[in-house]
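Subject: The structure we talked about

Hi there,

Here is the structure I promised to pass on to you. Have a look at it first, and then read on for what turned up.

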Amino acid sequence: MKTIIEPFRTKVVEPIYFTSQGEREALLACAGYNLFKLNAKDCTIDFLTDSGTAALSSDQWSALMRADESYAGASSFHRFEKSVKSIFGFKEVLPVHQGRAAERLLFSELVKPGQKIPSNTHFDTTRANLEARGATAVDLPCRAWRDGDSAASFAGNIDLSELERLICEAEPGMIPFAMLTVTNNACGGQPVSMRNLRQTSQLLKRHHIPLFIDAARFAENAYLIQQREENYSSTSISSIVEEMFTYADGCLMSCKKDGIANIGGFIALNDSELVERVKVEMIVTEGFPTYGGLSGRDLETIAIGLYEATNEDYLRYREASARFLHDRLKRIGIPVISPPALHAVYVDAAAMLTHIPPLELPGQALACELYREAGIRSCEIGTAMFGKSDPETGITVCAPHELVRLALPRRVYSQSHYEYVIEAFSNINQRRSSIRGLKITKQAEKLRHFTAVYEPIEKTSPSINCDSEMEGFNKNRVLYEI
Ligand code: F0G
């Protein structure tokens with residue numbers, strides 16, 4: 001059979017609520033045009049994130065009942081530990097309540113002010129945690145991503161020559177480690193190839209710099225290696241995963257993604273001495289090292305979810321559903337990042353709303369319009385998330401891309417939900433030139449997109465409209481003066 005179907009059937013259902021366009025208009029205004037501030041019940045389709053939003057399997061629900069909630073040495077911890085060690089191959093595992101806790105704990109031991117930490121692209125919380133330690137998070141996405149090359153199979157790679165240059169130019173000891181995020185969430189969810197992982201590891205080893213993998217979507221990355229990389233088409237997902245992690249000194253993981261869990265994460269390392277140091281800090285803020293802020297039930301869910309995420313039928317369905325949404329949007333003329341990732345479809349808002357300049361936040365404007373049209377919640381990954389204003393110079397640096405991410409929760413939505421989203425895009429596309437930009441009226445110093453307040457701009461400013469001069473989704477890589 002050629003038709004790829006969901007490799008599961010539904011046992012429990014959750015109602016979806018509908019709102020009128022007028023209600024959504026009022027809800028948007030009330031939320032300050034920030035979709036994080038909406039109530040979930042007011043979102044008909046919630047594509048805000050694929051993080052912590054998965055449907056659990058019957059095996060996971062059964063495991064919840066047998067969970068051991070003892071404070072120390074619970075058998076749920078041992079099952080969790082066994083699962084992580086056997087999948088990732090590291091000697092030591094520390095559970096944490098989610099990915100950013102892993103970042104904070106590891107960085108508090110390894111990062112000093114003034115140091116630089118290169119990556120294929122740091123996710124926002126990773127960047128914030130590095131900056132909180134006074135370090136610089138250096139993004140080195142590969143050329144294929146920077147050029148918007150839709151034929152590239154592995155646009156999530158790190159640029160190896162830029163990495164080498166950074167290392168050679170740095171003072172000794174100023175690069176304590178490097179990171180690779182698999183898949184590369186901030187770069188369209190594009191995967192990292194095994195070749196790039198191997199070569200990064202070799203380069204770093206020559207310079208005695210450790211490599212840590214941000215493993216949030218490790219199974220999806222492994223699947224794309226199997227599908228796209230030469231010599232891996234007949235290698236099993238578990239063997240690909242095993243090889244991927246032999247190139248690293250450790251990994252951090254938010255299990256809210258490919259752990260198919262609603263909460264949780266871990267740090268896995270080979271360096272026992274470093275583990276002991278992290279444990280000390282961990283006990284202060286996360287909990288005893290055999291639970292790390294998680295309940296036994298969470299540990300059980302993750303122990304099973306990590307295996308379910310590497311199941312090939314599941315990954316095939318996951319790819320087919322992302323591809324369905326991507327292909328259908330493309331067919332109706334929506335500029336999407338190609339090839340599609342697995343966890344999300346990314347719409348290029350700058351290419352869709354060419355009349356809205358980056359500083360007027362085309363991504364946020366499109367995300368708001370999707371909500372207004374059909375109650376669909378998505379997430380801007382552009383200047384609202386990554387732009388920065390320097391209070392002293394008044395210069396705002398725009399993000400390299402203005403994307404809207406339609407993140408696909410695991411095992412939650414079906415094809416008819418996707419068809420609803422496609423219809424909403426089709427309607428918006430017909431009146432796209434009437435969509436207005438937004439301005440930020442209130443923002444926090446860090447991770448501003450979570451709490452910012454926006455306001456619609458009456459008329460798009462012609463003086464900063466860069467549309468006619470630049471092509472493609474790289475056109476925003478410029479400085480704007482405000
Ligand atoms: N690393 C990556 C690649 C992520 O995508 C995330 C979270 C984290 C680390 C932090 O993990 O949320 O468990 O603390 N990404 C979510 C998202 C929030 O929507 O992409 P966390």
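Ile283 sits in helix H11, which covers residues 272-285. Please keep in mind throughout that this is a predicted model. Ile283 counts as partly exposed, because its relative accessibility is 47%. Together with Tyr71 and Phe288, Ile283 makes up a nonpolar patch on the surface, and the accessible area of these residues together is about 310 Å².

Helix H11 also holds Thr285. With a relative accessibility of 44%, Thr285 is classed as partly exposed too. Setting aside neighbours within four places in sequence, Thr285 is in contact with Arg104 and Leu105. For Leu105, the C-alpha atom lies 9.2 Å from that of Thr285, although 180 residues separate the two in sequence.

Arg104 turns up again among the salt bridges. The whole structure contains 31 of them. In one of these, Arg104 pairs with Glu281, and their closest N and O atoms are 3.2 Å apart. Arg104 belongs to helix H4 (residues 99-110) and Glu281 to helix H11, so this salt bridge ties together parts that lie 177 residues apart in sequence. How accessible are the two partners? Arg104 has 31% relative accessibility and therefore counts as partly exposed. Glu281, at 25%, is likewise partly exposed.

A second salt bridge worth a look joins the side chains of Arg127 and Asp139, with 2.7 Å from N to O. Arg127 is in helix H5 (residues 124-132) and Asp139 in strand S4 (residues 136-139), so that the pair links distant parts of the chain, twelve residues apart. Here the two partners fall on either side of the 20% limit for buried residues. Arg127 has a relative accessible area of 16% and is buried, while Asp139, at 29%, is partly exposed.

Then there is the salt bridge between Asp147 and Arg143, where the closest N and O atoms are 3.6 Å apart. Asp147 is partly exposed at 47% relative accessibility. Arg143 reaches 52% and so counts as exposed, since the limit for that class is over 50%.

You will also find a network of salt bridges, which links Asp50, Arg217, Glu220, Asp258, Arg318 and Arg410.

On to the strands. Which way do S2 and S8 run relative to each other, parallel or antiparallel? They are antiparallel, and five bridges join S2 to strand S8, which spans residues 265-269. Within this pairing, Pro95 has Phe266 in S8 as its bridge partner. Strand S2 (residues 92-96) is largely enclosed by the rest of the structure, because four of its five residues are buried.

Further along the chain there is an open sheet of three strands, in the order S9-S14-S11 and with antiparallel pairing. Strand S9 (344-348) and strand S11 (379-381) form its edges, each of them pairing on one side only. On average, neighbouring strands in this sheet are turned by 30° against each other, with direction ignored. S11 and strand S14 (residues 403-407) are joined by three bridges and run antiparallel. If you want a place to look at in that pairing, Ile381 stands opposite Leu403 in S14. As a general reminder, strands of a sheet pair through backbone hydrogen bonds.

What lies across this sheet? Helix H15 (residues 362-374) lies across S9, S11 and S14, and runs at about 40° to S14.

Finally, His326 may be of interest to you. His326 is found in helix H13, which takes in residues 312-331. Its relative accessibility is 3%, far enough down that His326 counts as buried. Not counting residues up to four places away in sequence, the contacts of His326 are Val336, Ile337, Ser338, Pro340 and Val345. By contrast, Thr235 is 91 residues from His326 along the chain, and 27 Å separate their C-alpha atoms.

That is what I have for now. Happy browsing!

Best wishes

Technical notes
Residues numbered from 1 in each chain as written. Predicted model: local features only at pLDDT ≥ 70, side-chain atom pairs only at ≥ 80, totals over all residues. Heavy atoms only, no water. Pairing = 2+ DSSP bridges. Helix = DSSP H or I, 4+ residues; strand = E, 2+ residues; numbered from the N terminus. Axes fitted to C-alpha atoms, helices over the stretch in contact; angles between N-to-C directions. Contact = heavy atoms within 4.5 Å. Patch = residues over 30% accessible without salt bridge, like charges linked within 9 Å, V, L, I, M, F, W, Y side chains within 5 Å. Areas by Shrake-Rupley, 256 points an atom, 1.4 Å probe, with all protein chains shown as cover. Salt bridge = Lys/Arg side-chain N within 4 Å of Asp/Glu carboxyl O. Buried < 20%, exposed > 50% of the residue type's maximum accessible area, 1.4 Å probe, protein only.
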